[in-house]
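Trainee: I would like to go through this chain with you, from the overall layout down to single residues. Please show the sequence and structure.

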Amino acid sequence: MPEADTAPSSGAPVIIGGAPGSFARKVLTERHPALIQQVRDAIPYGPPESQALHVLREEIEGGAISPLPVGAHGYEQWNRWGREYIGRSWFEVPFLWAESYFYRRLLEAVGYFEAGPWQGIDPFGPAKRAELRSRAVEEELAALDDVAGLPPEARDLAVLHGALWGNRADLGFRISSGRAAGADGGSEGDGEGGGEGTGRVIVDDSAVLWEYALPPGAVHVLADNAGRELTADLVLIDHLLHTGRAATVVLHVKPYPYFVSDATTADVVHCLRRMTRAPGHAAGVGARLWEAMNSGCLAVHTHAFACAPLPYAAMPGDLRDDLARATLVIAKGDLNYRRLVGDQHWPGTTSFAELTSYFPGDGPLIALRTLKSEVAVGLDAAALDALDASGEPWRTNGTHAVIQARRP
Ligand SMILES: O=P(O)(O)OC[C@@]1(O)O[C@H](CO)[C@@H](O)[C@@H]1O
């Protein structure tokens with residue numbers, strides 16, 4: 001089945017980038033310009049790249065959306081995806097499309113795809129590597145010594161919550177929340193293995209995961225961020241393999257840099273090298289994962305659709321076939337969640353299972369996500385009222401999380 005050209009968007013209004021006072025507008029007007037600056041500060045690009053970054057910044061701050069240059073990587077596809085949006089203001093097009101296209105344009109500006117000196121150089125690489133060297137990662141790897149000694153149920157909980165709250169370690173989120181990427185050491189200790197301040201799980205379907213994570217499972221993980229989050233995801237993957245719940249794991253990563261810190265194959269390698277060189281139990285986990293990669297028990301898959309500005313409902317047939325082989329799919333993070341349910345203003349009580357009923361496979365689909373954007377579904381009406389009454393920006397401030405399942 002070929003992928004759809006545009007987002008199927010029935011049911012609720014699509015989130016538009018520029019709605020005044022919205023979270024989306026803040027991302028476009030604050031996060032994206034700051035990101036361009038961060039990239040310029042991190043890498044000494046030459047005049048053509050610096051000038052192209054300057055032009056992109058001016059464009060996103062008030063200009064009309066330009067097309068990619070003719071012949072650019074994915075030119076035709078992006079033109080098709082953007083045919084209703086190119087030429088318009090960045091503030092009047094769907095938020096998911098605008099963000100996705102921004103990252104594609106940023107890679108164009110720095111010559112990522114073009115033959116030349118900057119080809120294949122990840123503009124977010126310095127920030128990702130700084131995070132891997134951070135005290136937060138060091139502490140989280142050291143904590144594996146204690147996790148190893150826990151009784152089985154507590155160990156299940158610790159690795160699952162590590163992967164869940166690891167999603168808070170997203171470098172884009174940290175740009176807008178004013179914390180230096182990777183440089184601060186991070187963890188203030190919330191006892192949930194993940195980061196800043198206290199967190200709360202508002203939907204917990206983790207029992208579904210343990211019910212269906214059975215031998216000889218074929219688990220697929222849709223990865224999110226590199227560095228700290230990916231480290232925690234790899235610990236969960238090792239746990240599933242080592243405890244026999246999974247015979248094989250497929251880790252789906254991005255084919256090229258995307259959404260600041262999204263994991264690519266290079267990031268998986270950096271993470272595994274970091275783990276194998278760590279003291280204590282972490283090195284053993286890293287070594288087992290290394291061996292699992294060598295033997296094929298852990299495989300890394302990349303698909304161009306991972307960087308498409310479309311919901312998973314529009315996924316192409318080959319990806320659908322790949323995911324259909326899973327006995328259990330774990331989708332990490334906020335962006336994957338937005339793409340799973342559709343980046344739309346759904347009422348919070350809309351059923352997660354119904355919105356994701358199109359997703360391939362006979363096994364459960366489980367989203368592990370900290371809330372960092374406006375989309376939230378599958379909530380109980382009373383809980384939703386209480387959250388709304390709290391006055392907190394609970395949908396976007398990263399302090400709330402869901403472990404949300406679509407049962408088979
Ligand atoms: O997928 P992730 O890394 O959990 O989150 C991606 C994210 O930081 O990017 C968007 C804003 O740029 C938000 O939807 C979300 O907070």
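Trainee: Which domains does the domain assignment of the chain give?

Mentor: This is a predicted model, in which local features need pLDDT of at least 70, side-chain atom pairs count only at pLDDT 80 or more, and totals for chains, interfaces and linings use all residues. Residues are numbered from 1 along each chain as its sequence is written. Domain bounds come from an automatic or database domain assignment. Here that assignment gives domain 1 (23–121) and domain 2 (127–406).

Trainee: Which element gives the most to the side of domain 1 that touches domain 2?

Mentor: Contact is taken as C-beta atoms, placed from the backbone, within 7 Å. On that basis 18 residues of domain 1 are in contact with 15 residues of domain 2. Two elements give two or more residues to this side of domain 1, α1 and α4 (95–109), where helices (H or I, at least four residues) and strands (E, at least two) are DSSP runs numbered from the N terminus. The element that gives the most, with eight residues, is α1.

Trainee: How many residues on the side of domain 1 that touches domain 2 are nonpolar, polar and charged?

Mentor: Ala, Val, Leu, Ile, Met, Phe, Trp, Tyr, Cys and Pro count as nonpolar, Asp, Glu, Lys and Arg as charged, and the others, Gly among them, as polar. By these classes, the side of domain 1 that touches domain 2 has 13 nonpolar, two polar and three charged residues.

Trainee: Where does the ligand lie with respect to domain 1 and domain 2?

Mentor: A residue is near a molecule if its C-beta atom, placed from the backbone, lies within 6 Å of it. There are 16 residues around the ligand, and G333, D334, L335, K372 and S373 come nearest. Because domain 1 and domain 2 both give residues to the shell, the ligand shell lies between them.

Trainee: Which element gives the most to the shell around the ligand?

Mentor: At least two residues of the shell come from each of α1 (23–42), α9 (171–176) and α15 (333–341). By class, the shell has four nonpolar, five polar and seven charged residues. With four residues, the element that gives the most is α15.

Trainee: What is the radius of gyration of the chain?

Mentor: The chain comes to 17 helices and seven strands. For 408 residues the globule rule (2.2 Å times the number of residues to the power 0.38) gives 22 Å. The radius of gyration, taken over C-alpha atoms, is close to that, so the chain is as compact as a globular protein of that length, at 20 Å.

Trainee: What percentage of the residues in the chain is buried?

Mentor: A residue is buried if 20 or more other C-beta atoms lie within 10 Å of its own, exposed if 12 or fewer, and partly exposed in between, with C-beta atoms placed from the backbone. Of the 408 residues in the chain, the buried share is 49%.

Trainee: Which helix supplies the largest share of the largest nonpolar core?

Mentor: A nonpolar core is a set of buried Ala, Val, Leu, Ile, Met, Phe, Trp, Tyr and Cys residues joined through C-beta atoms within 7 Å. The largest one has 77 residues, and V219, I237, V249, L251, V329 and I366 have the most contacts inside it. Its largest share, eight residues, comes from helix α11 (residues 227–242).

Trainee: How many residues are in the second, separate core?

Mentor: This core includes I65, V93, F102 and V260. V260 is buried, with 24 other C-beta atoms within 10 Å. The size of the second core is 34 residues.

Trainee: Where does F259, with its positive phi, lie?

Mentor: Most residues other than glycine have a negative phi, and most peptide bonds are trans. Phi of F259 is near 40°, and V260 has a positive phi of about 60°. F259 is buried, with 20 other C-beta atoms within 10 Å. F259 lies in the loop between β3 (246–253) and α12.

Trainee: Which residues does a cis peptide bond join?

Mentor: One of the two lies in the loop between α10 (206–212) and β2 (217–222). Omega of the bond is about -5°. The bond joins P215 and P216.

Trainee: Is T276 buried, exposed or partly exposed?

Mentor: T276 is found in helix α12 (residues 265–276). Leaving aside neighbours within four places in sequence, T276 is in contact with A283, G286, A287 and W290. With 16 C-beta neighbours inside 10 Å, T276 counts as partly exposed.

Conventions:
Contact = placed C-beta atoms within 7 Å.
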